[in-house]
Amino acid sequence: MRLVSAPEPRVALRGAVLGLGMIGRHHARLLQASPRVAFAGAVDPEGDRFAVVHDAALLFTDVAGLLAHGTVDLAIVAVPTEEHLPAARELAAAGVSVLVEKPLAATADEARELIAAVRSAGVRAAVGHVERCNPALLELRRRVGDGQLGEIFMIATERVGPFPDRIRDVGVVKDLATHDLDLVRWLGGAPIERVAAQTQHRMGREHEDLVLVTGRLRSEVAFNINVDWLSPTKVRRTRILGERGMLVADTLTSDLTFYANGEVASEWTAAQAARGVSEGDMTRYALSRREPLLVELEAFCDWVSGDDTAAVVTLEEGLATVQAAEAVLEAAASGETVRL
C-alpha cells in the first residue's frame, strides 16, 4: 500500500484593518473570524466606537504602533478616501500587502502615486469593489457571458437612498457612483468610452447629492447610472437588456430575475413591420448566498498567497474607475460629453 502524505497545513496570514468605521468594522469582524487570517490588529485614532475588536491590546492609534507590535502580512485600508495614499504608502514601505477600499484614491494623480508606491515596494495590492462579489451580480455576469441574453443593448444601474452619516467632504460620484462605473465595465466586458452627466446640489454642501450618467462602452453598449442620497428608500438594482430579454439583479437581497422576451402576435398586416416584444416568462433564480465582503477577503488572501488567478480588482482597474469618476464630474460641469 502506497502511503500518501497529508497536505501541509496552510499558514494563516497576519491581517490588520485601518479604520473602524461603517465598512472597516465589518472587515475587522471577518478578519477576527476567518481561519485564513491571524488578526494582527486595528488602527483608528478615534478608537473602537463600534466595539468590534475582541482584544483591546490589538487596537492602535497609528500604523507605527501596529507595525511595532508584530509582523503584518496584509492590511485592509478602510480610512477616508483622502487618506488612502499616505496609509497605503506607509504600509507598502513596511512590506505589507494592501486591499484599498474603493475608490482607490481621491484623484487619478493620487491613484497613480499609490500604484507607484506599491510597485516600488514589491507588495501585492487590490481594490475593494465589493459589489463584484455580490452573488446576484456574479451569476448575472456568468449568464451574460454564457450568451443567455444574446447581443447586449444596455446596462442600467440604480443606487439611491438616504444620506449616509459616514460621509465627509465628498459627493455621490466618488463615494457611490464609483461602484457603478466599475460595474458597467466589469459586466459589459469593455472600458468606458465616453460619458455625459447631470448633477444636483440639494443639501447645501459643496459636493453633488445626485448624479445621472449616460455613456457608452468601447464595445458600443450603452449604459446609464442613477445615484443619489436624497431618496427616502434604499434601492440597489442592476439590469442588463439584450436581444433575448432582461436580467435584473437586486443587490440588497441578492436576487436575480430573468424576464424573457415574449412574442407579439398581430393580425394587422401593417403592424408587422414594427413588430417588437411583449412580456414573456419570468424566472427568479435560486442562488447560493455568501457574504460579499467575506468572498472579497478570501480572494485577497489567495492573491497575497501568490495565486495570480484570484478574482481581485486590480490597481489599474481601480485607477480606471477614478478616471471615469473625474470624467463624470467634468461632463456635469461643462455640459458636454467627455471621452475617456
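# A guided tour of two sheets, their helices and a pocket

Begin by selecting helix 4 (residues 108-121) and helix 8 (residues 315-334), whose axes lie 9 Å apart at an angle of about 170°. The model on display is predicted. An angle over 145 degrees counts as roughly antiparallel, and helix 4 and helix 8 are therefore roughly antiparallel to each other. To view the contact, show the side chains of Ala108, Ala111, Arg112, Ile115, Val118 and Arg119 in helix 4, which meet Leu315, Glu316, Leu319, Val322, Gln323 and Glu326 in helix 8. By class, the residues of this contact are seven nonpolar, one polar and four charged.

## The parallel sheet

Select next the open sheet of six strands, which has the order 3-2-1-4-5-6 and parallel pairing. Strand 3 (59-60) and strand 6 are the edge strands, and each pairs on one side only. Within this sheet, focus on strand 4 (residues 74-77) and strand 5 (residues 97-101), which are paired in the parallel sense over four bridges. One point to label here is Leu74, whose bridge partner in strand 5 is Ser97.

Continue past strand 5 into the loop that leads to helix 4, where Pro103 is placed. The peptide bond between Lys102 and Pro103 is cis, with omega of about -10°.

## The mixed sheet

Now select the open sheet of nine strands, ordered 14-13-12-11-7-10-9-8-15, in which the pairing is mixed. Which strands stand at the edges? They are strand 14 (277-284) and strand 15; each has a single partner strand, so one side of each is left without a neighbour in the sheet.

Start from the edge formed by strand 14. Strand 13 (residues 255-263) pairs with strand 14 in the antiparallel sense over six bridges. Two positions can be labelled for orientation: Phe258 has Thr283 of strand 14 as its bridge partner, and Tyr259 stands opposite Met282 in strand 14.

On its other side, strand 13 is paired with strand 12 (residues 245-250), again in the antiparallel sense and over six bridges. Gly245 stands opposite Ala260 in strand 13. Four residues lie between the strands in this hairpin of strand 12 and strand 13, and Ser254 takes a positive phi near 60° there.

Move next to strand 8 (residues 192-200) and strand 9 (residues 210-217), an antiparallel pair with eight bridges. Label Ala196, which stands opposite Thr214 in strand 9. Strand 8 also pairs with strand 15 (residues 338-339), in the antiparallel sense over two bridges. Arg194 has Arg339 as its bridge partner in strand 15.

From strand 9, follow the chain into the loop that leads to strand 10, and select Glu220. Glu220 is not a glycine, yet its phi is positive, at about 75°.

## Helices across the mixed sheet

Add helix 6 (residues 172-188) to the view. Which strands does helix 6 lie across? They are strand 7 (152-160), strand 8, strand 9, strand 10 (222-228) and strand 11 (235-242), and the helix runs at about 155° to strand 10. Helix 8, from the opening stop, lies across strand 8, strand 9 and strand 15, and runs at about 55° to strand 8.

Select helix 5 together with helix 6: the two pack at an angle of about 35°, with their axes 9 Å apart. In this contact, Leu137, Leu138, Leu140 and Arg141 of helix 5 meet Leu183, Trp186 and Leu187 of helix 6. The contact residues comprise six nonpolar, no polar and one charged.

## The second largest pocket

For the last stop, select Arg132, Cys133, Ala299, Ala311 and Val312, the residues nearest the centre of the second largest pocket among the 17 that line it. The elements that give two or more residues to this lining are strand 6 (125-128), helix 5 (135-145) and helix 7 (292-304). Which element contributes the largest share of the lining? It is helix 7, with five residues. The pocket has a volume of about 260 Å³. Colouring its lining by residue class shows twelve nonpolar, one polar and four charged residues.

Technical notes. Residues numbered from 1 in each chain as written. Predicted model: local features only at pLDDT ≥ 70, side-chain atom pairs only at ≥ 80, totals over all residues. Heavy atoms only, no water. 1 Å grid on protein atoms, 1.4 Å probe; cavity = no way out; pocket = protein on both sides within 12 Å on 5 of 7 lines; lining within 4 Å. Points joined across faces, edges and corners; volume = space filled by probe spheres on them. Nonpolar A, V, L, I, M, F, W, Y, C, P; charged D, E, K, R; others polar. Pairing = 2+ DSSP bridges. Axes fitted to C-alpha atoms, helices over the stretch in contact; angles between N-to-C directions. Parallel < 35°, antiparallel > 145°, perpendicular 65-115°, else oblique. Contact = heavy atoms within 4.5 Å.
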